[in-house]
Amino acid sequence: MKVGNLVGLVGWRGMVGSVLLDRMQAEGDFGLIEPVFFSTSNAGGKAPAQAKNESTLKDAHDIAALKKCDIIITAQGGDYTAEIFPKLRAAGWNGHWIDAASTLRMKDDAIIILDPVNLPVIKSALARGGQNWIGGNCTVSCMLMGVGALYKAGLVEWMTAMTYQAASGGGAQHMRELLTQFGTLNHEVRALLDDPKSAILEIDRKILARQQSLSAAETAHFGVPLAGSLIPWIDKDLGIGKNPDDAEWGMSKEEWKAGAETNKILGQGAAFGTPHTPVDGFCVRIGAMRCHSQALTFKLKKDVPTADIEALIAADNAWVKVVPNTREATIHDLTPVAVTGTLGIPVGRIRKLAMGPEYVGAFTVGDQLLWGAAEPLRRMLRILLDA
Ligand SMILES: NC(=O)C1=CN([C@@H]2O[C@H](COP(=O)(O)OP(=O)(O)OC[C@H]3O[C@@H](n4cnc5c(N)ncnc54)[C@H](OP(=O)(O)O)[C@@H]3O)[C@@H](O)[C@H]2O)C=CC1
Ligand SMILES: N[C@@H](CC(=O)OP(=O)(O)O)C(=O)O
């Protein structure tokens with residue numbers, strides 16, 4: 001059945017929502033829909049420029065107003081989803097819910113959307129009457145956009161991902177806090193930096209002293225200094241399982257998502273214990289702004305020549321780009337600075353590892369607000385409108 005085009009937008013003013021609106025504008029999505037803009041804080045206020053007939057903001061808690069929409073896209077956050085989604089469904093709404101938040105991701109009736117990787121999974125759920133379409137974890141989505149080809153080819157026995165995740169993953173306030181910390185540290189040693197004869201160990205000592213004395217207000221969001229440091233834990237502590245055989249033994253929630261979501265996106269068993277490809281590693285917050293980077297190690301099911309691996313990856317989708325494994329290409333093309341604000345997903349450092357011919361390393365970078373959050377949502381909208 002043809003899906004209607006009355007589209008409710010919730011969370012459009014936030015960081016993810018703003019990136020989403022920009023992309024929808026750039027791709028002409030607003031020409032295909034009748035948008036209705038909602039707000040949790042400013043109902044009755046002026047809707048943004050993309051509004052057509054509905055020029056004022058509706059109340060994002062008004063179930064009756066939400067119920068009129070054929071499709072709702074939300075980047076408002078998990079608390080909003082947890083509160084509103086069950087009420088809407090309980091009120092009999094059977095429209096399509098497209099969501100950036102993780103709340104519903106692992107529900108049986110939800111599909112994690114990343115169509116360049118799992119269009120068949122999406123199409124088959126749509127044919128079965130699926131209505132809940134949830135964006136994946138940013139790190140997982142960026143990783144699969146880069147190396148999904150190896151999974152699709154059935155080559156992966158297992159994979160580890162060691163991540164270098166940007167401040168934006170925590171939200172806008174985390175980005176501000178990181179930059180403020182950088183500024184504070186720079187200010188601390190400014191005079192010494194300006195003097196070419198000053199001693200570097202004196203600068204280092206002052207920086208460390210300032211990092212260690214940052215106040216609670218200066219570390220309110222990350223909890224500890226991030227500028228000039230790193231934090232090897234992201235998202236909740238899942239705690240210690242009942243016994244060491246528990247798959248979740250000692251994992252952070254971000255690390256758990258790597259295995260659970262990768263397998264669910266691919267349409268394989270999502271839970272540990274069901275047939276799945278083991279994916280595990282360590283997730284680390286670093287002082288980048290909005291690109292997540294990852295060092296990947298694969299154990300392949302067989303020895304595949306490096307050139308064939310590169311060719312498979314390069315041919316997988318329109319956004320992935322293989323970066324030659326040279327110093328020059330790597331330092332210019334395989335960094336957050338090179339990738340930020342683009343949909344490009346470079347994959348480089350592809351090489352066989354010393355452990356044996358089936359062991360392959362790779363490094364990939366992705367803008368976590370684009371492929372990691374906003375882009376899969378607007379592409380799902382287009383899939384629904386085209387259905
Ligand atoms: N940040 C990320 O990397 C990712 C986030 N997500 C999901 O998206 C959700 C939203 O994330 P994010 O966009 O970072 O959250 P934001 O905090 O930027 O925005 C969320 C909402 O906060 C309200 N808000 C209050 N003050 C402001 C302000 N000064 N500027 C803008 N909005 C404001 C807005 O709602 P209103 O207009 O109704 O007041 C807005 O929609 C997350 O909770 C998460 O579930 C998913 C993937 C990645
Ligand atoms: N947890 C991610 C960001 C994020 O929002 O993830 P999720 O959508 O899985 O909650 C990070 O901190 O980098």
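Cys-138 sits in helix H5, which covers residues 138-152. The model described here is predicted. Cys-138 is buried, because 27 other C-beta atoms lie within 10 Å, and 20 or more count as buried. Setting aside neighbours within four places in sequence, Cys-138 is in contact with Gly-169, His-292, Gln-368, Gly-372 and Ala-373.

**The annotated pair**

UniProt, in an unreviewed entry, lists Cys-138 and His-292 under "active site". The two span 155 residues in sequence, yet no two of their C-alpha atoms are more than 7.9 Å apart, so they gather at one spot. His-292 belongs to strand S10. His-292 is buried, with 31 other C-beta atoms within 10 Å. Beyond four places in sequence, His-292 touches Cys-138, Thr-139, Cys-142, Thr-163, Gln-165, Ala-166, Gly-169, Gly-366, Gln-368 and Gly-372.

**Another residue of the strand**

Thr-297 is also found in strand S10, residues 291-300. Is Thr-297 buried, exposed or partly exposed? Thr-297 is partly exposed, with 16 other C-beta atoms within 10 Å. Leaving out residues up to four places away, Thr-297 touches Met-159, Thr-160, Leu-353, Tyr-359 and Gly-361. Ala-258 is 39 residues from Thr-297 in sequence, and their C-alpha atoms are 13 Å apart in space.

Here are the three residues side by side.

| Residue | Element | Other C-beta atoms within 10 Å | State |
|---|---|---|---|
| Cys-138 | H5 | 27 | buried |
| His-292 | S10 | 31 | buried |
| Thr-297 | S10 | 16 | partly exposed |

**The sheet**

Strand S10 is part of an open sheet of six strands, in the order S9-S8-S10-S13-S12-S11, with mixed pairing. Strand S9 (279-282) and strand S11 (320-322) stand at the edges. Each has a single partner strand, so one side of each is left without a neighbour in the sheet. From one strand to the next, the twist averages 25 degrees.

Strands of a sheet pair through backbone hydrogen bonds, either parallel or antiparallel. Strand S12 (residues 345-353) and strand S13 (residues 356-367) run antiparallel, joined by five bridges. Arg-351 stands opposite Gly-361 in S13.

Helix H9 (residues 253-265) packs on the sheet and touches strand S8 (156-164) and S9. The direction of H9 makes about 160 degrees with that of S9. Helix H10 (residues 306-314) lies across S11, S12 and S13. H10 runs at about 160 degrees to S12.

**The two ligands**

Which residues come nearest to ligand 1? Of the 24 residues around ligand 1, they are Gly-14, Thr-40, Ser-41, Gly-77 and Ala-101. By class, the shell around ligand 1 divides into nine nonpolar, 14 polar and one charged residue. Helix H1 (15-26) and helix H13 (370-386) each supply at least two residues of this shell. The largest share, three residues, comes from H1.

Around ligand 2 stand Ser-102, Asn-137, Cys-138, Gln-165, Gly-169, Gly-170, Ile-234, Asp-235, Glu-254 and Lys-257. This shell has two nonpolar, five polar and three charged residues. Cys-138, listed by UniProt under "active site", is thus one of the residues around ligand 2. Gln-165 and Gly-169 are also among the residues around ligand 2, and both are touched by His-292.

Methods: Residues numbered from 1 in each chain as written. Chains lettered and ligands numbered in written order. Predicted model: local features only at pLDDT ≥ 70, side-chain atom pairs only at ≥ 80, totals over all residues. Helix = DSSP H or I, 4+ residues; strand = E, 2+ residues; numbered from the N terminus. Buried ≥ 20, exposed ≤ 12 C-beta atoms within 10 Å, placed from the backbone. Contact = placed C-beta atoms within 7 Å. Near = placed C-beta within 6 Å. Nonpolar A, V, L, I, M, F, W, Y, C, P; charged D, E, K, R; others polar. UniProt positions renumbered as here; feature names shortened; annotations may be inferred. Pairing = 2+ DSSP bridges. Axes fitted to C-alpha atoms, helices over the stretch in contact; angles between N-to-C directions.
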